[in-house]
Amino acid sequence: MPQTITIDPVTRLEGHGKITIQLNGQGEVEDAHFHVTQVRGFERFSEGRPFYEMPSLMARICGICPVSHLIASAKACEAIMSVRIPHTAAQLRRMLNLAQMVQSHALSFFYLSSPDLLLGLDSDPGSRHIFGVVAAKPDLGRAGVALRRFGQHIIELLGNKRIHPGWVVPGGVTEPLAPAKRDEILAMMPEAYHGIKLALAAYKQIADAFRPEIAVFANFQSNYLGLVNEDGSVEFTDGSLRFIDSAGNVIEDGITANRFAEVIGEAVEPYTFTKFAYYKPLGYPEGSYRVGPLARLNIATSMGTPLADAELAEFKQLASGPVQSSFYYHHARLIDILYGIEKIEQILTDPLILDKHVRASAGVNRLEGAGQAEAPRGTLHHHYKVDENGLITWANLVIATGQNNNAMNKGVLQAARHYVKDGKFTEGILNRVEAVVRTFDPCLSCSTHAFGQMPLALTLLNANREVVDTVVRN
Amino acid sequence: MNKLKLATVWLDGCSGCHMSLLDLDERLIELAQLVDVVYSPLVDVKVFPDMVDIALVEGAVASVDDEAKIRKVRAHSRTLVAMGDCAVAGNVPSMRNPIGPEAILNRAYIENATIQAQIPCVVVPKLLKTVRPIHELVEVDVFLPGCPPSADTFHAALMALVTGGPLDIPTLTRFGA
């Protein structure tokens, strides 16, 4: 008899999601889906508001990566104003964005995924959480808490608030960096280096034990998209987008924010509120691609900082072309963190970092503008139109989780097909299906900017889409 | 001593309140000595427990799923805390109220779609006509405003709730804090 397994909610995710797995009469997996179940409407209710309100409004899309929304939104506003922001403002924003990447990656790796990695995918679900990690591996657990604090504290020092700081505005930032704050950040560096080195060493020690998962955790060829500088090094805040294919060939380079809508389209599927981004010249779904840490490392030719460059060289040894298993998002995330710490230290040595000129001013000089940045989990794009008075008439956002949506769904199906046999499964098997989604670090707040919310539930349906079984784990 | 049972729930919000709770950093580890986190996006429990001592609820009520969830949480919680401005007053999610859900869905999935324009309707929940703060649906014991409330606010409030000490919220936080 055909059935459906439902995992509801998917836990240790940033938001509410649900997974359904459809089984046929022989108990074989026919299909599987990842459902995002929340929608909020930012694209519509921002209409009529002054464009300069957009950064602080759009930041409320997401409490995990508000800084990326602040930056992409401010850049879209600056395109409308037709201004170039002062050098120091650009450097300070770069630092803010990197600090957020470090804290968000620390959340993903330590708080959400390390219970699987360090305690085991089959370990007791009752203690498979960050507190369990702190109890079992106190050094690593506390290093994770400290790395997240490092990023959040830098955001607080720069923006006066850890979550939803109002410091980033169209034209730059509201106040320059005080020398005492620079010194405080520099004093935090040794602890941050210690924490990330500990994490990288621990990851490399356990990675081999996960060979079976590496083989089936969204392990397939795909295209990749991410920001790079002109020299091909990784970039989070400026630069332009590069699109590569599954063999690593550059298909298109130098995609600036104002060209994004020409090359990237969005499709809708009936089972989720998150849309599916694709590269238009290849069509949908062939033009689907992955973004985020794995994509960035597959695309970039260097990190531009010494320790992270050494790690990148080692990472690139994992495959002859792009590294294709999404399990390696975890590894790439740790290299991102190391780069972020090094780059923040570099930025603080910029002789102009304390300069007082941090904001450009202008009115409406164009009626349309777009901005892009790398959020921790991948490329983020904001696109606005305004009237002559600067009131928003139209907005569209393309977020990282939508760009990974096709790969997440394919990955859930790949893992379900591998693990669910004869209609039988264990708690550990369902946790593996969820863990595939966790590798992408999807942000359900972001992906639901248009609509909604997502808990993870597993439903097993048969080929006729009848519910065979609903699994709720406790 | 039996540890108190703590639940954290996420309705229609941005997760910023949960992130601010995590901003307790090392104090979170100390808190875990006093309470057991029995239900939360951070732990692998899929069903809301029979009874929890404290439930922290982030977000407004926007969909039929949210409504079912807040009623269930209320029925199984001794102290229900509206955590942050969305839960307390609707805040940003309620900005869609003058527009209505149809226009919101049309913009996202019809007008702003390149291909396969359609309103998702399989498995995903129906949106309520208006987004509402949680006290309009269920009784709330503690209102903790802020966008988000700071980690220090969470610390003071949780310590007061755990120890039964005094809790003077206006000295801790405010709307938009």
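**Exercise 1.** Compare the expected span of helix α14 (residues 405-419) of chain A with the distance between its end C-alpha atoms.

*Solution.* Helix α14 of chain A has 15 residues, and at 1.5 Å a residue they should span 21 Å. The expected span is 1.5 Å times one less than the number of residues. The end C-alpha atoms are 21 Å apart, which agrees. Helices here are DSSP runs (H or I, at least four residues) and strands are runs of E (at least two), numbered from the N terminus.

The model is predicted: local features need pLDDT of at least 70 and side-chain atom pairs pLDDT 80 or more, while totals for chains, interfaces and linings use all residues. Residues are numbered from 1 along each chain as its sequence is written, and chains are lettered from A and ligands numbered from 1 in the order in which they are written.

**Exercise 2.** Determine how many residues of α14(A) are buried.

*Solution.* A residue is buried if 20 or more other C-beta atoms, placed from the backbone, lie within 10 Å of its own, exposed if 12 or fewer, and partly exposed in between. By this count 12 of the 15 residues of α14(A) are buried, so the helix is mostly covered. Among them are A:Asn405, A:Met408, A:Leu413 and A:Tyr419.

**Exercise 3.** Classify the packing of helix α11 (residues 306-316) against helix α12 (residues 329-348), both of chain A.

*Solution.* First, the geometry: the axes are 8 Å apart and the angle is about 160°. Axes are lines fitted to C-alpha atoms, for helices over the stretch in contact, and angles run from 0 to 180 degrees between N-to-C directions. Next, the class: α11(A) is therefore roughly antiparallel to α12(A), a term for angles over 145 degrees. Then the residues: α11(A) contributes A:Leu307, A:Ala308, A:Glu311, A:Leu312 and A:Phe315, and among those from α12(A) are A:His331, A:Ile335 and A:Glu342. Contact requires C-beta atoms, placed from the backbone, within 7 Å.

**Exercise 4.** Describe the surroundings of A:Ile337, which lies in helix α12 of chain A.

*Solution.* A:Ile337 has 29 C-beta neighbours inside 10 Å and therefore counts as buried. Leaving aside neighbours within four places in sequence, A:Ile337 is in contact with A:Val102, A:His105, A:Ala106, A:Leu147 and A:Ile196. A:Tyr193 is 144 residues from A:Ile337 in sequence, yet their C-alpha atoms are 9.5 Å apart.

**Exercise 5.** State how many residues of chain A and chain B are in contact.

*Solution.* In chain A 58 residues are in contact with 53 residues of chain B. Elements of chain A that each supply at least two residues to this side include α6 (138-159) and β2 (17-23).

How values were computed:
Two residues are in contact if their C-beta atoms, placed from the backbone, lie within 7 Å. Angles under 35 degrees count as roughly parallel, over 145 as roughly antiparallel, 65 to 115 as roughly perpendicular and the rest as oblique.
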